[in-house]
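The following exercises concern the reading of contacts within a chain and between chains. Please examine the sequence and the structure before attempting them.

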Amino acid sequence: MRAAPYLALAALAAGLILAQGGAALAASTENGRHVFMRAGCWQCHGTMGQGGVAGPKLAPDPLPFDALSTFVRATNRAMPPYREEVLSDADLADLYAYLQSIPKAPDPKSIRLLNW
Amino acid sequence: MAHKSALLNVDRRKFLAGVAVAGAATAAAPQTTPIAAPLPDRRPSGLRPSAQMAAAETAMPKELPRAHAADGSDFMVDVIKTLDFEYLPANPASSFRGLHESLIDYGGNKKPEFLTCMHEESAVAMAHGYFKAAGKPLLTLCHGTVGLQHAAMAIYNAWCDRVPVIVVGGTDLDAAHRPPGVPTVHSAQDINTLVRDFTKWDDTPVSLQHFAQSFVRAYKIAMTPPMGPVAIALDGGLQQAPIHENGERLYIPRYVATSPPQGDSGAVREAARLLANAERPVIVVDRAARSANGMKLIVELAEALQAPVVDHGGRMNFPNTHYLNQSGRGNALIGQADVILGLELADYWGTVNAFIDNGEEEGTGLREPRTKNGVRLISITSAGLLTKSNYQEFQRFQVVDIEMAADVEATLPALIDAVKVAIPNDRKSAIEKRGEALRKAWAEGRERAKSAAAVAWDASPISTARLSMELWAQIKRLDWSLVTSGNVSNWPKRLWTMERYYQSLGGPGGYGVGYGAPAAVGAALANRAEGRFSVSIQSDGDLMYAPGVLWTAARHRIPLLSVMHNNRAYHQEAMHVQRLANRRDRVANLGKDMCPVGTAIENPDPDYAKLAASLGWWSAGPIKDPNELAGALEYAVEVVKAGEPALVDVWTQPR
């Protein structure tokens, strides 16, 4: 149960960040993108969290923070867990802010190359 | 009848004597006696050599003796020509100089035409790709110990992928007479041991008649399912010695194809009974279709059962536009199945079990069955007829209920007939409804794939979905063949229209990196004869194993559009190191790169467009803005349509 206290902290941090909005969100988003790259998330999920054969889509519309952070901290599936020694609670919250900041994908019907 | 090795010794000795005794008159006419020339006295002596002896040992020979009989390698060319090889990709070398000279001069450099390669691995991989596009094997030559070792990785890929390649390796067996120095370093007592673990058969002929029999035998063995590479070691002396039939007329055995093994009739009936009565049958295919006819047969079986097909993609097994192609839902369908038919699966265990690489089970990872209790498993594969001990490509052992050691294409007609007979009348309505549900699921799957492709559509580095669809827009009206497809999250299979056998050729088999570029060139060579447009999605790390194959394509005017999936890393390895770092609660050391130390291909960034241009290709890139892709690809397509190779370097997302 090593992840439990951190999950609570992370949820709190995310809540604070999300509640602040505006500049605070932008700042954490910038660091979140940096964390997303530095921690290797992009290796399986792509730089915009779009997913692919190696990992599922994370964004746009990420999972609720609690669900995502629980998985990140304690997964025993193909994705390795990111514990606090590797990814701090603050960085995880920023990372989530980055995922939230990724704009919605265009409607595939509006993309000519996807309609032939 | 003369003993073959005796004949060989006579001929070799005469040839070498001719070299040692420059211009010796006795060497000018064919001899039948063992001693052809008045050799200097070679008794051991502590005395200084005579002037004659010193000259014989050290001076340059004035002229090689002219053979009045045809050389052995001319006869070898006669043998080779009976098997209708179109091309011979090879790196030139002294150990097969006799055969090389005969091929291009006596044989006129036609059928086969010599294609200059810059690495033996490239030559074999070209033959690998060629076969999968043409259905015909190629012959390649390897230089002694060093050439065969260079070729070994590609031969292993062909072995794992069940592809026939005829590998002829030069060597020089006669330790007493072969040239000293380098040729000796390049010779081995039993050179084929290098590749014996992953070839179907090998031989070292000691006479020309032996060569004729072994070459035709090798071809026959390679082409009989389960197909695979074969190796013939070719003695340098045998190539260069004149032909002496000594009363025995040399002949070339006629090649007659061997019928592939068909499944036992009882096993076929029992498999049909299980499938016909199944509630949720699933057909899983991998290297099942050996030809376009194989694909038609799989479609016919699936339609008779209205069963979903999950294609692992070792070959083009099933059209991706057919509603029964449910590959995108493979694991879910396997989890619900009550009967699973596996057709030429490389890994049956991995099909019905999940492996989670999470460090559990004392570090070995977790194994979870994908299937429900009571599922019945059927397998048809010829791989079981050819299993060796050392290399472990046969995967984990999987118990199945019915196993046929047989060729899929040869067995399917009987299985289809048996299924049609076995379907009870009261099941026909349920089977039809199953088909209707699958039709709906297929359409929904396509829409989901389009929605997924739209995510990160404008990203830079460019998403693999965008890359694939920009490419598709340029080639979809052509008669195209995707000769290698890199690792782009299967977008072509998810969104292109793939209906013809040559439109997807599968992967390397042994997962030996370095297959993609040469196999693409080989397949493009086969497609050139058919007027097809060849396109490859080329991984960066793969290309850098042996980029010299680009020159081969330019030199021999092999049209190929190569679009780089340049993710600037050995990305699979980046993910592996990241996984282990996390598991050990350590921050992965990235150094100055984007990926863990040792896995990135950046700083400096290879310029693949310049590399390709330096080797004779039209090229563009690196392209990082997705909006610039269409123009570059459009131009590149025109270059390839004009008969030249073209490369477009694209900075992409990792997968």
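Two exercises on this predicted model follow, each with a worked solution.

**Exercise 1.** Describe the contact that domain 2 of chain B makes with domain 4 of chain B.

*Solution.*
Step 1. Locate the domains. In chain B, domain 2 covers 72–240, while domain 4 is made of two segments, 455–568 and 605–650.
Step 2. Consider the distance. The C-alpha centres of domain 2 of chain B and domain 4 of chain B are 29 Å apart.
Step 3. Count the residues in contact, taking C-beta atoms within 7 Å as the criterion. Domain 2 of chain B contributes 24 residues and domain 4 of chain B contributes 27 residues.
Step 4. Identify the elements on the domain 2 side. At least two residues each come from β2 (113–116), α5 (120–134) and α6 (144–160) of chain B. The largest share, eleven residues, belongs to α5(B).
Step 5. Classify the residues. This side of domain 2 of chain B holds 15 nonpolar, six polar and three charged residues.

**Exercise 2.** Determine which element of chain B supplies the largest share of the side that touches chain A.

*Solution.*
Step 1. Establish the extent of the contact. It takes 29 residues from chain A and 37 residues from chain B.
Step 2. List the candidates. Two or more residues are given by each of α15 (428–454), α16 (464–475) and α21 (571–583) of chain B.
Step 3. Select the element. The largest share is that of α21(B), with seven residues.
Step 4. Complete the description. The side of chain B that touches chain A comprises 19 nonpolar, ten polar and eight charged residues.

How values were computed
Residues numbered from 1 in each chain as written. Chains lettered and ligands numbered in written order. Predicted model: local features only at pLDDT ≥ 70, side-chain atom pairs only at ≥ 80, totals over all residues. Domains from an automatic or database assignment. Contact = placed C-beta atoms within 7 Å. Helix = DSSP H or I, 4+ residues; strand = E, 2+ residues; numbered from the N terminus. Nonpolar A, V, L, I, M, F, W, Y, C, P; charged D, E, K, R; others polar.
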